[in-house]
Amino acid sequence: MPRGRIYGVRGRIDGVRSMICGLLAVILPTLVIAHPHSAASQTMLSCAGRSDVVSFLDRNFGEKLTAVGLVNQNAVLEVYAAKTGTWTLVVTDIHGISCILLSGDSWDSMPALPGIAT
C-alpha cells in the first residue's frame, strides 16, 4: 500500500473526529441550557446562608429536611422534600454556606432495609 494512501485515511479519520468534537461542542451546551430546571434553582442564587436556603425551601415549596449525610470533614449533604414530591439536594459547608446542587419532582421515600438500623 503506498505511503500517501495511509496518510489519506488517517486524515479522513482526523476529519471525522474533528467533526464529532465540533458537534458535541454545540450540542452539549445547548442541552444544558435547554434543560428545564426546577423553580428552586431558577428563583434564587445557588448559594446563600443555610438559614436563608432552608426558609426559602420551606416557604416556597414546603420542603423539610428529609435526609442528611456527611460528605467529608468540611461539608454535609442534605435532602429537603415536600409531600407534593418536590425535592432539593443541598450541600452545607462548615461556614454555614449552603449551595443547591439539584432539585426535582416525584420524590418518594423508601422503607428502611431489613437489618439496617435507622
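**Exercise 1. Count the aromatic pairs and describe each one.**

Solution. Start with the rule. Rings of Phe, Tyr and Trp (its six-membered ring) pair if their centres lie within 6.5 Å; planes under 30 degrees apart are stacked, over 60 edge-to-face, and the rest tilted. By this rule the count is 2 aromatic pairs.

Step 1. Phe56 and Phe61 form an edge-to-face pair, with 6.0 Å centre to centre and 70 degrees between the planes. Phe56 is buried, at a relative accessible area of 8%. Phe61 is partly exposed, at 22%. The cut-offs are under 20% relative accessible area for buried, over 50% for exposed, and in between for partly exposed (1.4 Å probe, protein chains only).

Step 2. Trp87 and Trp107 form a tilted pair, with 6.1 Å centre to centre and 50 degrees between the planes. Trp87 lies in strand S4 and Trp107 in the segment after strand S5 (97–104), so the pair ties together parts that are 20 residues apart in sequence. Trp107 is partly exposed, at 32% relative accessibility.

Two notes on the source. This is a predicted model, in which local features need pLDDT of at least 70 and side-chain atom pairs count only at pLDDT 80 or more, while totals for chains, interfaces and linings use all residues. Residues are numbered from 1 along each chain as its sequence is written, and side-chain values use heavy atoms, with hydrogens and water left out.

**Exercise 2. Find which residues make up the largest nonpolar core, and which helix gives the most to this core.**

Solution. A nonpolar core is a set of buried Ala, Val, Leu, Ile, Met, Phe, Trp, Tyr and Cys residues joined through side-chain atoms within 4.5 Å.

Step 1. The largest one has 6 residues: Val53, Phe56, Leu57, Tyr80, Val90 and Ile100.

Step 2. Helix H3 (residues 50–61) gives the most, with 3 residues. Helices (H or I, at least four residues) and strands (E, at least two) are DSSP runs, numbered from the N terminus.

**Exercise 3. Check the span of H3 and locate its buried face.**

Solution. Step 1. The expected span is 1.5 Å times one less than the number of residues. For the 12 residues of H3 this gives 16 Å, and the end C-alpha atoms are 16 Å apart, which agrees.

Step 2. The buried residues of H3 are Val53, Phe56 and Leu57. Seen down the axis, they fall within an arc of 95 degrees, so they line one face of the helix. The arc is taken from the directions from the helix axis to the C-beta atoms.

Step 3. The face turned away from the buried side carries the exposed residues Ser51 and Arg59. Just after H3, Gly62 takes a positive phi of about 70 degrees.

**Exercise 4. Trace the pairing of S2, S3 and S4.**

Solution. Two strands pair if DSSP finds at least two bridges between them.

Step 1. Strand S2 (residues 64–72) runs antiparallel to S3, joined by 7 bridges. A hairpin links S2 to S3 through 2 residues. Leu65 stands opposite Tyr80 in S3.

Step 2. S3 and S4 also run antiparallel, with 7 bridges. Their hairpin has 5 residues between the strands, and Gly85 in the turn has a positive phi of about 105 degrees. Val76 stands opposite Thr92 in S4.

Step 3. S3 (residues 75–81) is mostly covered, with 5 of its 7 residues buried.

**Exercise 5. Is Thr88 buried or exposed?**

Solution. Thr88 is in strand S4 (residues 87–93). Thr88 counts as buried because its relative accessibility is 0%.
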